[in-house]
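Me: Please take me through one helix of this structure closely, and then show me how the rest is put together. Keep it plain, and give the cut-offs as the terms come up.

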Amino acid sequence: MADIPSPVTRPRQALGLGAGRVKDTLLSRSVVAPIAAVIVFLILWELLVWANGWPDYVMASPSDLPPAYASYWDLFLVMGWQTLWRTVVGLAVAVVFGVAVGMIMGFSRTMRDALYPLLVGFNAVPKATVVPIVALLFVGAHDFNTVLIAFMISFFPIAVSVSIGLSTLEPEYRDILRSLGASQATIFWKIALPKTLPEFFGALKVAVTLAFIGTNLMEIVSPHGRGLGALFDSGKTNSDYPLMFAVLIALAFLGIVLYYIVVALEKTFAGWAERSPT
Amino acid sequence: MSHLIDIRGVTHAYRTESGPLPVLDGLSIAVPEGGFTAVVGPSGCGKSTLTRLIAGLMIPDEGEVRLHGERVTSPRSTVGMAFQNPVLLEWRTILDNVILPLEIVPTKLKRREKEERARRLLSLVGLDGFEDKRPSELSGGMRQRASLCRALVHKPEVLILDEPFGALDAFTREDLWQTMHQLRAEETFTSVLITHDLRESIFLADEVVVLSGRPATAQYKLPVPDTGLRTLDELYTAEAAERLNILRHQIEIAQGRAEPTDTASQPAPPPGSAAQALT
């Protein structure tokens with residue numbers, strides 16, 4: 001009699017504990033693991049510089065960064081904001097334009113055949129070469145130029161992913177609605193659009209980091225002194241090497257923030273595509 | 001008895017790069033209101049083309065398809081379809097998947113009434129408690145049950161089934177056959193079932209039509225007496241074995257593997273085939 005209840009109660013206890021433990025592990029893993037990785041990275045960086053005895057004009061070390069941030073804190077805030085909003089606007093334009101081009105190519109075979117070489121060629125042109133052209137074309141319109149380059153560099157993956165998502169829609173999905181007399185617009189809103197969302201967000205994650213590259217290209221090259229790119233450039237001209245590294249870290253931080261905003265949006269709008277690990 | 005589905009002398013060819021490919025040749029099938037007709041035939045004989053013609057997704061080159069005496073020239077909301085692939089929308093819950101047709105066809109139902117209708121159907125096919133699950137959380141058989149509910153939720157006059165049980169394992173398939181009978185007892189619809197499974201055809205249908213090889217015409221029609229709600233045991237009777245043998249022989253003729261004989265009265269099965277048909 002004594003051991004009869006145990007097989008019943010024991011697994012239940014184990015299960016209850018297990019569920020709590022799993023939750024704890026997940027919590028700690030998703031928060032603690034990346035922080036630990038960053039700390040390890042900083043320690044290795046510091047060690048590398050220390051072991052080689054590099055002066056800060058060869059490579060600044062993490063311990064050089066806090067003073068750099070402290071002395072230019074207000075500049076970091078102002079210029080960080082300039083970089084951020086222009087990147088986000090460029091990205092927003094890229095989303096609108098990229099989705100539009102993707103829809104045109106996704107629904108029409110002719111347009112897909114016609115536009116693909118043009119798009120690929122356009123994407124293959126290094127944007128660093130386009131920067132001076134744009135800067136000369138719209139002299140003085142610094143904000144506009146920066147947004148334009150951020151947009152140009154980031155719309156390609158969005159256009160391609162949307163067009164692929166739409167053109168690979170299985171015919172049965174269409175038939176289900178078409179046999180009920182649904183219009184093309186209804187089929188797009190009810191089926192084609194939601195089905196393409198996972199591909200779209202995948203591309204958006206790539207586009208986010210690309211847009212930062214575009215913004216900074218313009219900021220470094222153009223002489224208007226705005227954005228983190230300009231701050232980087234001033235560090236270079238003033239031989240303030242820790243400042244240059246501090247800008248890089250600030251850019252990385254902004255990139256991570258925007259990336260995780262996209263991830264949160266993806267969870268909200270396309271969370272269904274994520275299968276539970278069990 | 002009036003014929004709800006009336007397919008008259010339908011001839012159709014697909015235009016391919018190597019010229020026209022005829023798939024249907026003077027095909028005529030009539031299904032009475034409330035009837036259930038199964039269409040069997042060799043692979044690639046144009047069975048799926050037939051479903052697209054009835055659904056109004058395609059217009060035949062010659063002949064016509066009439067529903068209620070009215071010629072079909074475009075898709076209509078009085079048709080429900082289920083395919084071998086359940087094509088459920090992964091981003092919707094099972095309940096919202098079933099409701100989908102009610103969002104397309106004109107209806108006066110309120111959201112709450114639509115939900116009630118969908119819930120009733122889901123409960124009828126044994127999916128109580130799965131309304132809020134995603135399709136990816138369900139097994140293949142359950143997804144196909146949900147797909148059947150979606151095909152019926154807007155009370156279509158015509159239910160088109162294009163091998164809906166083809167991809168399921170044998171036990172699940174037999175379960176779903178019985179579900180199909182329950183649905184027929186509770187709901188009013190006229191059905192055309194495309195299938196490769198002869199046992200399925202005689203278990204579900206009132207009439208089995210054997211199509212010839214491509215271009216297909218109605219080669220043979222076998223009536224199956226209606227015995228009300230059928231049970232699986234009826235598949236293992238002498239009458240069932242005889243029907244299966246007739247159909248098997250007709251399929252062999254359609255495939256060009258046997259000579260046409262007077263099959264209706266005297267099926268000529270090779271020795272031992274009756275036993276095979278029973279297993």
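Reply: What follows starts with a single helix and then moves outward to other sites.

The model is predicted, so local features are given only at pLDDT of at least 70 and side-chain atom pairs only at pLDDT 80 or more, while totals for chains, interfaces and linings use all residues. Residues are numbered from 1 along each chain as its sequence is written, chains are lettered from A and ligands numbered from 1 in the order in which they are written, and side-chain values use heavy atoms, with hydrogens and water left out.

The helix is α5 of chain B, residues 170–186. Helices (H or I, at least four residues) and strands (E, at least two) are DSSP runs, numbered from the N terminus. From first C-alpha to last, the 17 residues of α5(B) reach 25 Å, close to the expected 24 Å; the expected span is 1.5 Å times one less than the number of residues. At the N-terminal end, B:D169 acts as a cap, with a side-chain oxygen 3.2 Å from the backbone nitrogen of B:F171. A polar contact of this kind is a pair of N or O atoms within 3.5 Å; within protein, one must be able to donate a hydrogen and the other to accept it, and residues adjacent in sequence count only if both atoms are side-chain atoms.

The buried residues of α5(B) are B:T172, B:E174, B:L176, B:W177, B:T179, B:M180, B:H181 and B:L183. Buried means under 20% relative accessible area, exposed means over 50%, and partly exposed lies in between (1.4 Å probe, protein chains only). An α-helix has 3.6 residues a turn, so residues three or four places apart point the same way. In chain B, the buried residues of α5(B) pack against β3 (36–40), α3 (111–124), α4 (140–152), β7 (158–162) and α6 (198–204).

One of those buried residues, B:H181, gives a link to another site: B:V72 is 109 residues from B:H181 in sequence and 28 Å from it in space, C-alpha to C-alpha. B:V72 sits in the loop between β5 (70–71) and β6 (79–83) of chain B. B:V72 counts as buried because its relative accessibility is 5%. Leaving out residues up to four places away in sequence, B:V72 touches B:L53, B:I54, B:G56, B:I59, B:V65 and B:L67, where contact means heavy atoms within 4.5 Å.

Two other loop residues of chain B have a positive phi without being glycine. B:H68, between β4 (62–67) and β5, has phi near 55° and is partly exposed at 43% relative accessibility. B:V87, between β6 and α2 (94–104), has phi near 35° but is buried at 2%.

Helix α4(B), already named as a packing partner of α5(B), also supplies at least two residues to the lining of the largest cavity, as does β6(B). That lining draws on both chains: A:I176, A:S179, A:L180, B:V79, B:G80, B:M81, B:P101, B:R150, B:A151 and B:H154. The largest share, 3 residues, comes from β6(B). The largest cavity holds about 60 Å³ of space, and the whole structure has 2 cavities of 30 Å³ or more. On a 1 Å grid over the protein atoms alone, a cavity is a set of points where a 1.4 Å probe fits but cannot get out, and a pocket is an open set with protein on both sides within 12 Å along at least five of seven lines; lining residues have an atom within 4 Å of a point. Grid points are joined across faces, edges and corners, and a volume is the space filled by probe spheres set on the points.

Chain A comes to 10 helices and 0 strands, and 37% of its 278 residues count as buried. The largest pocket, about 370 Å³ in volume, takes two or more lining residues from each of α1 (5–52) and α10 (241–270) of chain A, with the largest share, 5 residues, from α10(A).

Last, the cores. In the largest nonpolar core, of 98 residues, A:F76 and A:L228 touch the most other members. Helix α8 (residues 184–221) of chain A gives the largest share of this core, 13 residues. A second, separate core has 49 residues, among them B:A38, B:L102, B:L127 and B:I246. A nonpolar core is a set of buried Ala, Val, Leu, Ile, Met, Phe, Trp, Tyr and Cys residues joined through side-chain atoms within 4.5 Å.
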